[in-house]
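Here are a few notes to go with the structure you asked about. Please read them alongside the coordinates.

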Amino acid sequence: MNTESACPGAIKLYRSFLNKLLRNYLIGSLLAVLVVGSAIVLTTLDVPPDEYKRLVFILLISLVFMAAAELTVFYRHLAPIRRGLLSPDADLDELKKAYMQTHRLPLLSVYRILVPHLLGLSIPAVLLTAWMLSKGLLDFPAFYLAVAALGAALVASMHAMFDFFLSTAAIRPLLIELKMQAKKRFQVELDPEGHVFLSIRPKFLVSGMLIGMSPLLLFSLAAQIRLKSLDSAMFQNYWGWAGLILIIDIAFAYTGARLITQDIERPISKLYDAINDIKEGRMTKVQNIYSDEFSKLVAGFNMMVGALQTREEQSQAMLDSYFVTLAVALDARDPYTAGHSLRVAEYSELIGRLCGLSPEDLMVIRKSALLHDIGKIGVRDTVLLKEGRLTDEEFDQIKLHPGLGENILLQIEPKDAMAVLLPGVRSHHERYDGKGYPDGLAGEEIPLLGRIIAVADAYDAMTSDRPYRKGMASSVALLILDEGRGTQWDPVFAKVFVDHMRKQLPSIPKHGA
């Protein structure tokens with residue numbers, strides 16, 4: 001691939017990345033294959049010098065096949081990363097593929113070592129050894145091949161574990177560079193979006209069991225070969241006691257790995273659940289019951305939640321103040337309706353509380369009621385402040401204020417915060433019998449906010465003084481609301497409001513009494 005016009009920094013980073021992968025691979029190979037595997041074979045097998053030379057020849061030929069197979073797969077695994085990082089005309093999709101492939105690389109390294117690496121080494125080695133045995137060039141029991149294959153699989157597993165964790169550390173600078181390129185060139189934040197490429201449970205269980213089992217299993221295989229070659233009487237009962245020890249070792253390794261995994265999973269799960277709560281608007285803290293580094297992590301998380309709660313409370317107070325200020329500014333246009341919006345908000349919130357609505361719903365009701373008449377800002381003073389009866393044309397202008405209010409709120413950011421308030425602002429003059437405005441909705445077609453605010457708005461309008469009339473007595477207003485249940489107002493909301501208010505004024509006769 002042509003990288004002449006690629007960023008020099010990216011080229012340098014990529015070469016450093018390749019050097020790290022190569023160094024990690026060589027370290028893993030030396031530890032797992034040459035030191036462990038070869039040392040056990042060379043110190044365990046009792047064969048003549050000529051046969052050692054033939055075994056070394058088999059090993060070298062097998063290494064060539066292994067290198068060819070593994071390099072082919074390795075090149076294919078790196079291809080998306082190379083294109084995304086080094087191609088100057090790479091698009092956003094190629095950068096995303098490179099980013100995700102980089103995240104997968106540690107797991108792909110496990111595949112590369114357990115498949116092309118292991119098979120590329122084992123298959124030629126087994127075939128060549130079997131051929132030499134058939135030709136008399138090697139002289140040792142054929143079951144050694146099965147032992148060697150098992151040992152090779154065990155050594156490759158250890159090698160894969162080393163490479164996985166070393167690759168996990170090596171990919172981090174590459175991920176940072178890919179994120180920077182996406183941000184700089186496309187203004188996009190690359191993120192795995194919570195995708196789990198390999199969960200903690202299999203990672204810790206497999207690693208813990210390999211660490212616990214491998215040395216003892218390798219020793220058992222080597223000891224078997226050694227005892228067999230010495231023709232020791234111990235060999236007759238060897239796997240009786242060796243097998244028992246291996247079973248105990250496997251049980252200990254699995255139990256230990258399982259306990260470690262669970263000890264790490266628990267706090268992570270608690271933190272993850274708390275993060276989801278915060279995402280949904282619930283400021284949840286995690287109980288700090290840990291005695292290791294997770295205690296610091298949980299304490300920091302809880303501090304963050306506390307800061308968010310304080311910020312949320314401050315923002316909510318500012319927002320409430322903002323709504324109240326708008327309502328007061330609107331009411332200030334007409335001294336005779338001063339406090340109307342605040343009273344309607346209190347009555348509306350009361351109705352919601354009497355009907356068992358949630359605190360979140362009550363907050364929405366209050367805000368919507370505070371702004372229910374915001375559209376009157378667009379009505380001329382000559383109409384809005386007119387003393388006396390309005391003409392039909394003037395009343396038509398008044399009837400525009402619910403729609404005007406909705407349009408005003410649609411201009412306020414953030415739009416999602418305003419969206420829940422719009423139904424109450426637009427529909428608070430709808431009638432239950434469908435004869436209201438602006439949309440002529442009837443019954444439960446009218447949004448719940450509109451039906452609640454309509455009751456509160458009507459009561460306050462009837463009991464407030466106007467320049468052309470005195471406000472009604474509460475008993476009269478409640479009687480009108482009671483009579484209008486099911487025609488002008490929602491029967492449920494009107495009833496709960498009337499019943500509650502009459503309890504505050506017990507001398508008021510109920511409708512029909």
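The points below cover the nonpolar cores first and then two backbone features.

1. This is a predicted model, and the points that follow should be read as such.

2. The largest nonpolar core holds 37 residues. Those with the most contacts inside this core are L409, V455, Y459, L478, L481, W489 and F497. In soluble globular proteins, nonpolar side chains tend to be buried together.

3. Several helices build this core: α8 (293-331), α9 (340-354), α10 (359-370), α15 (422-427), α16 (448-463), α17 (474-483) and α18 (491-504) each contribute at least two residues. The biggest share comes from α16, which gives 9 residues.

4. W489 is worth inspecting by eye. Not counting neighbours within four places in sequence, W489 is in contact with Y432, A454, V455, A458, I480, L481, G484 and A494. Of these contacts, V455 and L481 are also listed among the residues with the most contacts inside the core.

5. A second core, separate from the one above, has 21 residues. Y14, L85, L108 and L178 are among them.

6. Most residues other than glycine have a negative phi, and most peptide bonds are trans. Two places in the model depart from this pattern, as follows. The peptide bond from Y437 to P438 is cis, with omega near 10°; P438 lies in the loop between α15 and α16.

7. Q187, not a glycine, has a positive phi of about 55°. Q187 sits in the loop between α5 (172-186) and α6 (200-230). Is Q187 buried or exposed? Its relative accessible area is 59%, so Q187 counts as exposed.

Methods:
Residues are numbered from 1 along each chain as its sequence is written. This is a predicted model: local features need pLDDT of at least 70, side-chain atom pairs count only at pLDDT 80 or more; totals for chains, interfaces and linings use all residues. Side-chain values use heavy atoms; hydrogens and water are left out. A nonpolar core is a set of buried Ala, Val, Leu, Ile, Met, Phe, Trp, Tyr and Cys residues joined through side-chain atoms within 4.5 Å. Buried means under 20% relative accessible area, exposed over 50%, partly exposed in between (1.4 Å probe, protein chains only). Helices (H or I, at least four residues) and strands (E, at least two) are DSSP runs, numbered from the N terminus. Contact means heavy atoms within 4.5 Å.
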